[in-house]
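Visitor: I would like a close look at one small part of this model. Could you take me through it slowly, with its surroundings?

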Amino acid sequence: MADLSNMLEITTATHSGMVRSHNEDSIAADAAVGLAVLADGMGGYNAGEVASGIAVAMISAELKKALASITGDLDVSTAEKLVGEHAVRANNAIFQASQSQPQYAGMGTTLVVALWHDDYMIVGHIGDSRLYRMRGSKLEQVTRDHSLLQEQIDSGLITKEQARHSQNKNLVTRAVGIDPEVDAEVHSYPVQAGDIYLLCSDGLNDMVTDEDMELTLSSLQANLPLAAEQLVQQANDNGGRDNVSVILVRVLKNFPVRSGLVDRLKSWFR
Amino acid sequence: MAKLILSLEGSVIREVPLDKERIMIGRKPSNEIQIENLAVSGEHACIVTILNDSFLEDMGSTNGTLVNGNPIKKHILQNNDVIEIGKYKLKYIAEVPAHAPAEDFEKTMILRPAKAAPKPVTEPSMPPTPKPAMAPAAPAATAVAAAMAAKSGEPHMLAAVQILTGPSAGRELDLVKNLTTLGKPGLQVAAITRRPQGYFITHVEGAKFPIINGKVIDAQAQPLHDHDVIELAGVKMEFFIKK
């Protein structure tokens, strides 16, 4: 697999917030592989941390292993399948643990995974952790939450503006590790140099409006670590009622698998 | 459970608990809340309650529905909202169940669709409805209160910078946004953030760091005080508090 460390700049930040005593979010990112994983755990005592920890550790380690073992070309649809499969594996592991150990009963986690490959970004998600894209100076939400609120918005019951005032923000309709089976929603998107991707837990988007996130990212894009720190700080300044985690990924240049003239010619004659 | 208090010209008529998913308000007897007044349409409005949220919708009434004085078509009711239908007022009281501390509502929980109801063969030990994620042992009420206070304590302070040197000397810039960047992109940029505690300046990009009152700052955010002089990309400016 190609080494993307010169093509992607990644920075992360996580904080337990102003109210919670521990951080149940887990994050991992690796620019060389082009992988970012974020999970927001739920469940009693420290079970939430355990669930999100298992999901992030398993997916980042095993997906890397799986990618390294691929010898030929990896096309985008195969990569999509790979992301979905690893989400299912994490689900099985967490579900097994919650069944066999009473202190972990009912634990679960949200998940958002992004894999950059061949000028594409493959995104898998379960629950209400999000991925946004900033292209130019416009911030757009890429993932659609698996939550009661999103279903209400989709059915036209409430508007996005009204959703900000809802009491039902915290109800997800899909999570990793709760049921024996789960489906990750996986899509892929073409990537452009200059794009900035934001993965975050709901502790960010519940506390900071999309407009403020856009303002922060567009004005601080020259300094990605500062932008990440600033987003976390804004969530905490606004009350910090939940753990808040942020992964920022900037695409420095394109990363097509076939870039040389010879490669391009070869692909012509296939 | 949430409820409505129906009143006319200041005197309470009755209390209506929102114990049904759908409660109709109107002049006809078929409504759960019947108001016999000609200004009220036959089917005037309805309230749909889903878990902790109640949605008010005007059913295309002749004279309209107001919430806190504003006409609405659809509205998520907030605690103490006052609905006006004709001369009648309905005050919405959202009652939080006593056993659920405020923090529970912030915890992410799984809501399972009806089709995922217990499958006794495959998951015998799972209860039919998932137990909500348990709150941590220590009550965080004081912390919540503190956090809420911090939120409502938005800085009423307004500050500005005035350029002192260079071609745009004399120009003033109000710092109304949470984040304002100053300087020349690619050369030197700093950001001024507006926080509940006050204003702070941070270096964003460039080899040179901003100078405050003749002293170069480091990578850390630095609090700004009234009449601080900022030097950035060769331009001097003064930070001052307007109110």
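Is Leu51(B) buried or exposed, and how many other C-beta atoms lie within 10 Å?

Guide: Happy to take you there. Please keep in mind that this is a predicted model. Leu51(B) is exposed, because the number of other C-beta atoms within 10 Å is 11, and a residue counts as exposed at 12 or fewer.

Let us place the residue along its chain. Leu51(B) belongs to the loop that links strand E5 (45-50) to strand E6 (53-58) in chain B. Its backbone deserves your attention: phi is near 50°, a positive value, and the residue is not a glycine. The two strands on either side form a hairpin with 2 residues between them, and Leu51(B) with its positive phi sits in that hairpin.

Now the strands themselves. E5(B) and E6(B) run antiparallel and are joined by 6 bridges. Next to the turn, Ile50(B) has Asp53(B) of E6(B) opposite. E5(B) has another pairing as well: strand E3 (residues 22-26) of chain B is antiparallel to E5(B), with 4 bridges between them. Within that pairing, Ala45(B) in E5(B) is the bridge partner of Ile25(B).

A second site in chain B is worth setting beside this one. Ala233(B) also has a positive phi near 50° without being a glycine. Its place is the loop between strand E21 (228-232) and strand E22 (235-241) of chain B. Ala233(B) is classed as partly exposed, because 16 C-beta neighbours lie inside 10 Å.

Stepping back, chain B contains 1 helix and 22 strands. Of its 243 residues, 26% are buried. Among contacts in chain B with a separation of 6 or more, 35% are between residues 24 or more positions apart.

For contrast, turn to chain A and helix H7 (residues 224-237). H7(A) has 14 residues and spans 20 Å from first C-alpha to last, close to the 20 Å expected at 1.5 Å a residue. This helix is largely enclosed by the rest of the structure, because 11 of its 14 residues are buried. Among them are Leu226(A), Leu231(A) and Val232(A), along with Gln230(A) and Asp237(A). The cover over the buried residues comes from both chains: it includes strand E1 (8-15) and helix H6 (210-219) of chain A, and strand E16 (188-195) and strand E17 (198-205) of chain B. Just after H7(A) there is another positive phi, about 130°, at Gly239(A).

Note on methods. Residues numbered from 1 in each chain as written. Chains lettered and ligands numbered in written order. Predicted model: local features only at pLDDT ≥ 70, side-chain atom pairs only at ≥ 80, totals over all residues. Buried ≥ 20, exposed ≤ 12 C-beta atoms within 10 Å, placed from the backbone. Pairing = 2+ DSSP bridges. Contact = placed C-beta atoms within 7 Å. Expected span 1.5 Å × (residues − 1).
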